[in-house]
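Visitor: Hi! Could you walk me through this structure? I'd like to start with what sits inside.

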Amino acid sequence: MSEKTLESNGKAFLVLLLPISFLVIFLVSTWRFLLALIVLAIGFRIWQEYQWQQWCQRVNPIFSQLVRENQGKITPMDLAIRGNFPGPTAKRYLDGKASEFGASLLPAPEGGEIYYFITASILGNILDSSEPVRQIASQPVATEARSLLAPPPEPVVEPEHIAETEVELEAELLLPATHQEVKPNLSRQLVFGSLIQSELAKRLNVYSSTVYKRRNDPEFPEWTRSRDPDGIAWSFSERTKEFFPLEESEDKS
């Protein structure tokens, strides 16, 4: 190896050695300060997280109230206006709640996003309002005699062009009276003081969809009285989604 090559390799080593030496000297002389700076940064981060959790605890009642008032739909602006704090803070809070409860993000008509939190009461209303309306299919009338104790035929979805009132009349005419089977079971059905929709429909000898469509009518009590084997009038409770005898519901009110 020539002398010139050795000289060039020595210079290259010195170029690398000098910065490394300065870095080692700097770390040795300032390691206490750097360690204190790292500990301070970690402590500050923990303090910020603690402050955020405390703030969220104060905002939670406002959030719960908005969920009840808006049927689960909240925007960052709604929360910011109600809580009187900045919009980015409200969005950060809602992002955390959406991740915690699995909320859906819906596009707002005017832009932005709507956070949709589905609660048990909201889900119950959705399922109740989406109950399918059953109708009788237009089929030839069977010529065979059917037993009075036989269950009513399973309803089939009717084409949309048939009027709803005509279908209800046809359904009620096709159902024979089975009051003898229902009447002895009233005391057992009213163990909890109320009936669900399917139980009341069986008692009135009509389809469940007929009760569902008539339950909010003003004439519903008189209609149930005319079909009840004991002449009992029934009323519908929106709160419990159950049916109560009219005299009992009046005593409760």
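Guide: Happy to, and please keep in mind that this is a predicted model. The largest nonpolar core has 18 residues, and those with the most contacts inside it are Trp55, Phe63, Leu79, Tyr93 and Leu94.

Visitor: Which helices each supply at least two residues of this core?

Guide: Those are α1 (3-69), α2 (76-83) and α3 (87-101). The biggest giver is α1, with 7 residues.

Visitor: What is Tyr93 in contact with, leaving aside its neighbours within four places in sequence?

Guide: Beyond those neighbours, Tyr93 is in contact with Trp52, Trp55, Cys56, Val59, Asn60, Phe63 and Leu79.

Visitor: And which residues does the second, separate core include?

Guide: That second core has 12 residues, among them Leu204, Val211, Trp223 and Phe243.

Visitor: Plenty of aromatics there. How many aromatic pairs does the count come to?

Guide: The count comes to 9 aromatic pairs. Take Trp52 and Trp55: their ring centres are 5.0 Å apart and their planes are at 25 degrees, so this pair is stacked.

Visitor: Where do Trp52 and Trp55 lie?

Guide: Both are in helix α1, 3 residues apart, which is about one turn of the helix. An α-helix has 3.6 residues a turn, so residues three or four places apart point the same way.

Visitor: Is Trp52 buried or exposed?

Guide: Trp52 is buried, and Trp55 is buried too. For another pair, look at Phe236 and Phe243: the centres of their rings are again 5.0 Å apart, but the planes are at 45 degrees, so this pair is tilted. Phe236 and Phe243 are both buried.

Visitor: Which residues do ring pairs link into a cluster?

Guide: The cluster joins Trp52, Trp55, Phe63, Phe85, Tyr93 and Phe117. Trp52 also has a charge over its ring: the charged end of Arg92 sits there, 3.7 Å from the ring centre.

Visitor: Where does the charged end of Lys73 sit?

Guide: It sits over the ring of Tyr116, 5.4 Å from the centre of that ring. Lys73 and Tyr116 are linked through the backbone pairing as well, since Tyr116 in β3 is the bridge partner of Lys73.

Visitor: Let's stay with the strands, then. In what order do the 3 strands form the open sheet?

Guide: The order is β1-β3-β2, and the pairing is antiparallel. At the edges stand β1 (73-74) and β2 (104-107), each with a single partner strand, so one side of each has no neighbour in the sheet.

Visitor: Over how many bridges do β1 and strand β3 pair?

Guide: β1 and β3 (residues 113-116) pair over 2 bridges, in the antiparallel sense.

Visitor: New topic: helix α8. Which of its residues are buried?

Guide: In α8 (residues 197-204), the buried ones are Gln197, Leu200, Ala201, Arg203 and Leu204. Looking down the axis of α8, you find them within an arc of 160 degrees, so they line one face of the helix.

Visitor: And which residues of helix α10 are buried?

Guide: For α10 (residues 220-227), they are Phe220, Pro221, Trp223 and Thr224. Their arc around the axis is only 165 degrees, which puts them on the same side of α10.

Visitor: Now the backbone. What phi does Asn205 take just after α8?

Guide: Asn205 has a positive phi of about 65 degrees. Most residues other than glycine have a negative phi. Asn205 is found in the loop between α8 and α9 (208-214), and at 9% relative accessibility it counts as buried.

Visitor: What about Lys241, where is its place?

Guide: Lys241 is in the loop between β4 (234-237) and β5 (242-245). Lys241 is not a glycine either, yet has a positive phi of about 60 degrees. With 27% relative accessibility, Lys241 counts as partly exposed.

Visitor: Last one, for the whole chain: how many helices and strands does the secondary structure come to?

Guide: There are 11 helices and 5 strands. Of the chain's 253 residues, 30% count as buried. Among contacts with a separation of 6 or more, 46% are between residues 24 or more positions apart.

Visitor: Lovely, thanks for the tour!

Technical notes:
Residues numbered from 1 in each chain as written. Predicted model: local features only at pLDDT ≥ 70, side-chain atom pairs only at ≥ 80, totals over all residues. Heavy atoms only, no water. Core = buried A, V, L, I, M, F, W, Y, C linked by side-chain atoms within 4.5 Å. Buried < 20%, exposed > 50% of the residue type's maximum accessible area, 1.4 Å probe, protein only. Helix = DSSP H or I, 4+ residues; strand = E, 2+ residues; numbered from the N terminus. Contact = heavy atoms within 4.5 Å. Phe/Tyr/Trp six-rings, centres within 6.5 Å; stacked < 30°, edge-to-face > 60°. Lys NZ or Arg CZ within 6 Å of the ring centre and 35° of its normal. Pairing = 2+ DSSP bridges. Arc of directions from axis to C-beta.
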